[in-house]
Amino acid sequence: MFAAERRQLILEMVRANGAVSLRELARVVQTSEVTVRRDVRALEAEGLLDRRHGGAVLPGGFTRESGFPQKSHLATAEKTAIADLAASLVEEGEAIVVGAGTTTQELARRLARVPGLTVVTNSLLVAQALAHANRVEVVMTGGTLRGSNYALVGSGAEQSLQGLRVSRAFLSGSGLTAERGLSTSNMLSASVDRALVQAAAEVVVLADHTKLGTDTMFQTVPTDVITRLVTDEPPVHDDRAATELQALADQGVQITVAGPGTGSVGNDHPPAGRQPRRDMPLPGQRRTAPGNTSPLRNATASLADQQAGERARVAEMRRR
């Protein structure tokens with residue numbers, strides 16, 4: 001493929017998806033990431049797109065939201081690994097909320113095997129994935145259907161969440177930065193996500209490495225509200241992702257990273273110096289017997305050591 005043909009295809013992919021990683025671009029145009037990076041630099045010089053560390057976005061600083069068909073084919077292996085790890089956090093009998101998105105849809109498929117679970121969601125795709133799970137109760141919000149991501153939004157969705165208390169919220173979005181937290185490109189979706197967060201004691205964000213360092217128009221979850229980030233292993237030379245992970249960890253976000261080549265092995269990095277937003281028994285949460293300590297509380301026993309371990313891990317990513 002000639003350089004002009006490659007660059008035209010790259011431009012079409014960015015215009016169709018809003019943001020595309022260098023890894024995905026290299027796979028589609030069947031060349032190396034080094035060549036793709038050179039092509040992206042040339043297109044940026046012409047003002048046709050903006051470079052981001054590890055990818056390219058539409059010009060103007062903020063990425064726009066891709067439609068579900070485009071999203072469902074991006075970073076599929078990474079989403080699978082993230083969903084596997086996120087599902088391992090959910091315990092039998094819990095009550096949780098799950099937001100809209102292709103990654104949360106993957107999570108829902110795995111939650112179908114958790115007995116006694118109650119899932120509150122505004123996503124038709126999440127509800128569909130759990131529709132035939134006999135031991136899982138699904139509660140749908142009200143609202144207006146937004147066809148681009150098959151989610152219920154608007155005042156009806158937000159009002160139906162008032163007064164709700166659950167143990168965890170699982171959310172994804174269009175971008176994640178340490179400065180602004182989780183963000184999305186649609187105002188209605190952002191508003192419902194904020195309502196989901198208000199219902200939960202802990203907030204778990206599911207975001208693959210291509211979203212790290214990406215900022216979009218509407219903030220949904222500030223960094224100081226995020227309890228845990230479940231993500232995948234960034235590429236070796238993706239300094240942006242490693243830097244963002246370090247910044248998130250410094251602000252107290254617990255980082256769980258899926259190991260390469262598997263969705264069942266992760267590296268858990270507990271938060272440094274931050275307590276959960278609510279410390280109360282919630283519907284579906286297991287109470288800890290006197291003398292016992294939950295895994296999460298054990299993980300926070302030595303905050304100084306944990307922060308040092310996280311920094312060492314991120315530094316190792318950057319060295320590779």
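**Entry 1: the first small sheet**

I started with an open sheet of three strands, ordered β1-β3-β2, with antiparallel pairing. This is a predicted model, and I read everything below as such. I asked which strands stand at the edges. They are β1 (19-21) and β2 (50-52). Each has a single partner strand, so one side of each is left without a neighbour in the sheet. I then looked up the twist: neighbouring strands here are turned by 25° against each other on average, ignoring direction.

Next I took the β2 pairing. Three bridges link β2 to strand β3 (residues 55-57), in the antiparallel sense. For a register point I noted Asp50, which stands opposite Val57 in β3.

**Entry 2: the second open sheet and its helix**

I moved on to another open sheet of three strands, with the order β10-β11-β13 and antiparallel pairing. Its edges are β10 (175-177) and β13 (218-221). Each of these has a single partner strand, so one side of each lacks a neighbour in the sheet. The twist averages 40° from one strand to the next.

I checked how strand β11 (residues 181-184) meets β13. They run antiparallel and are joined by three bridges. Thr184 has Phe218 in β13 as its bridge partner. Helix α9 (residues 187-198) packs on this sheet and touches β11 and β13. The direction of α9 makes about 20° with that of β13.

I stayed with α9 for its geometry. The helix has 12 residues and reaches 17 Å from its first C-alpha to its last. That is close to the 16 Å expected at 1.5 Å a residue. What caps its N-terminal end? Asn186 does, with a side-chain oxygen 3.0 Å from the backbone nitrogen of Leu188. Then I listed burial along α9. Ser189, Ala190, Ser191, Val192, Asp193, Ala195, Leu196 and Val197 are buried.

**Entry 3: helix α5, for the same checks**

I ran the span test on helix α5 (residues 76-87). Its 12 residues should span 16 Å at 1.5 Å a residue, and its end C-alpha atoms are 16 Å apart, which agrees. I also looked up which residues of α5 are buried. They are Glu78, Lys79, Ala81, Ile82, Ala83, Leu85, Ala86 and Ala87.

**Entry 4: nonpolar cores**

I turned to the largest nonpolar core, which has 32 residues. Leu176, Val205, Val221, Leu229, Leu248 and Ile255 have the most contacts inside it. I wanted to know which elements supply at least two residues each. Those are β4 (95-98), β9 (166-171), α9, β12 (200-206), α10 (239-250) and β15 (254-258).

I followed Leu229 outward, leaving out residues up to four places away in sequence. Leu229 touches Leu176, Val205, Ala207, Leu212, Leu245, Leu248, Val253, Gln254, Ile255 and Thr256. A second, separate core has 25 residues, including Val90, Val126, Ala133 and Leu206.

**Entry 5: strand β14**

Leu229 led me to strand β14 (residues 228-232), where five of its five residues are buried. I sorted them by face. Arg228, Val230 and Asp232 lie on one side, and Leu229 and Thr231 on the other. Both faces are covered.

I looked up the pairings of β14 next. β12 pairs with β14 in the parallel sense, over three bridges. In that pairing Val205 stands opposite Leu229. β14 and β15 also run parallel, joined by five bridges. There the bridge partner of Asp232 is Ala258 in β15.

**Entry 6: Thr121**

I picked one polar residue to inspect. Thr121 lies in strand β5 (residues 117-121). Is Thr121 buried or exposed? Its relative accessibility is 0%, so Thr121 counts as buried. The side chain of Thr121 reaches the backbone nitrogen of Ser123 at 3.0 Å. Neighbours within four places in sequence aside, Thr121 is in contact with Val98, Gly99, Val126, Ala127, Val138, Val139, Met140 and Thr141. One of these, Val126, belongs to the second core.

**Entry 7: whole chain**

I closed with the totals. The chain has 12 helices and 16 strands. Of its 320 residues, 52% are buried. I also checked contact range. Among contacts with a separation of 6 or more, 66% come from residues 24 or more positions apart.

Definitions and conventions. Residues are numbered from 1 along each chain as its sequence is written. This is a predicted model: local features need pLDDT of at least 70, side-chain atom pairs count only at pLDDT 80 or more; totals for chains, interfaces and linings use all residues. Side-chain values use heavy atoms; hydrogens and water are left out. Two strands pair if DSSP finds at least two bridges between them. Helices (H or I, at least four residues) and strands (E, at least two) are DSSP runs, numbered from the N terminus. Axes are lines fitted to C-alpha atoms, for helices over the stretch in contact, and angles run from 0 to 180 degrees between N-to-C directions. Contact means heavy atoms within 4.5 Å. The expected span of a helix is 1.5 Å times one less than its number of residues. Buried means under 20% relative accessible area, exposed over 50%, partly exposed in between (1.4 Å probe, protein chains only). A polar contact is a pair of N or O atoms within 3.5 Å; within protein, one must be able to donate a hydrogen and the other to accept it, and residues adjacent in sequence count only if both atoms are side-chain atoms. A nonpolar core is a set of buried Ala, Val, Leu, Ile, Met, Phe, Trp, Tyr and Cys residues joined through side-chain atoms within 4.5 Å.
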